[in-house]
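Here are a few exercises to help you find your way around a new structure. Take them one at a time, and try each task before you read its solution.

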Amino acid sequence: MSETIFQKIIDKELPADILYEDDISLVFRDINPVAPTHLLIIPKKKISMISNAEEEDQKLLGHLLLVAGKVARKLGVQDAFRLVVNNGSGAQQTVFHLHIHLIAEREFSWPPG
Ligand code: AMP
């Protein structure tokens with residue numbers, strides 16, 4: 001499978017506005033934001049989509065959620081943000097490297113679109 005854009009960001013071959021990084025994860029601003037705050041939280045491990053995650057990824061997946069909370073607190077948006085994972089092209093996934101969208105500082109409605 002060819003390398004994704006996010007792999008190039010992980011490898012620092014492509015620039016990104018990185019807000020947080022550790023051994024397991026990377027957080028950067030979405031290049032085409034749908035809200036004043038729109039971040040992408042990704043694992044460094046290659047997992048194409050959540051439906052391809054495995055039992056051994058349990059800790060990693062929990063880590064991504066903790067990082068989401070940590071970054072939200074850092075940006076002061078901890079009281080109102082939404083996390084979104086698009087899984088599969090039918091659900092509008094366009095980059096096949098697992099990512100969690102963190103969206104904040106906009107009006108939210110329910111059900112989501
Ligand atoms: P999805 O549609 O859930 O696969 O989300 C992919 C997201 O990646 C979209 O919101 C894009 O705007 C974003 N994106 C694509 N290329 C880049 C890039 N080079 N840097 C930051 N975000 C990107």
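**Exercise 1: pairing strands**

Which residue in β2 is the bridge partner of Glu21?

Solution. Keep in mind that you are looking at a predicted model.
- Step 1: find strand β1 at residues 18-21; its pairing with β2 is antiparallel and has three bridges.
- Step 2: follow the chain through the hairpin, where three residues join β1 to β2.
- Step 3: look across from Glu21, and you meet its bridge partner, Leu26.

**Exercise 2: the other neighbour of β2**

Find the residue of β3 that stands opposite Ser25, then decide how enclosed β2 is.

Solution.
- Step 1: locate strand β3, residues 37-43, which pairs with β2 in the antiparallel sense over five bridges.
- Step 2: opposite Ser25 you will find Pro43 of β3.
- Step 3: strand β2 covers residues 25-29, and four of its five residues are buried, so the rest of the structure largely encloses this strand.

**Exercise 3: around the ligand**

Work out which residues are closest to the ligand and which polar atoms lie by it.

Solution.
- Step 1: the ligand is surrounded by 16 residues, and the closest are Asp30, Gln92, Thr94, His99 and His101.
- Step 2: check the side chain of Asp30, where an N or O atom is 2.5 Å from an oxygen atom of the ligand.
- Step 3: turn to the backbone. A polar backbone atom of Thr94 is 2.6 Å from a ligand oxygen atom, and a backbone N or O atom of Ile31 lies 3.1 Å from a ligand nitrogen atom.
- Step 4: consider the cover. On its own the ligand has 500 Å² of accessible area, and the protein covers 86% of it.
- Step 5: name the space. The ligand takes up the largest pocket. Two elements, α1 (5-10) and β2, give two or more residues to the shell around the ligand; the largest share, three residues, comes from α1.

**Exercise 4: unusual backbone geometry**

Is Gln92 buried or exposed, and where is the cis peptide bond?

Solution.
- Step 1: place Gln92 in the loop between β4 (81-84) and β5.
- Step 2: its relative accessible area is 62%; exposed means over 50%, so Gln92 is exposed.
- Step 3: look at its backbone. Gln92 has a positive phi of about 75° although it is not a glycine.
- Step 4: move to the segment after β5 (100-104), which holds Pro111. The cis peptide bond joins Trp110 and Pro111, with omega about 5°.

Note on methods:
Residues numbered from 1 in each chain as written. Predicted model: local features only at pLDDT ≥ 70, side-chain atom pairs only at ≥ 80, totals over all residues. Heavy atoms only, no water. Buried < 20%, exposed > 50% of the residue type's maximum accessible area, 1.4 Å probe, protein only. Pairing = 2+ DSSP bridges. Near = heavy atom within 4 Å. Polar contact = N/O pair within 3.5 Å; in protein donor to acceptor, adjacent residues only side chain to side chain. Areas by Shrake-Rupley, 256 points an atom, 1.4 Å probe, with all protein chains shown as cover. 1 Å grid on protein atoms, 1.4 Å probe; cavity = no way out; pocket = protein on both sides within 12 Å on 5 of 7 lines; lining within 4 Å. Sits in = over half its atoms within 2 Å of the grid points.
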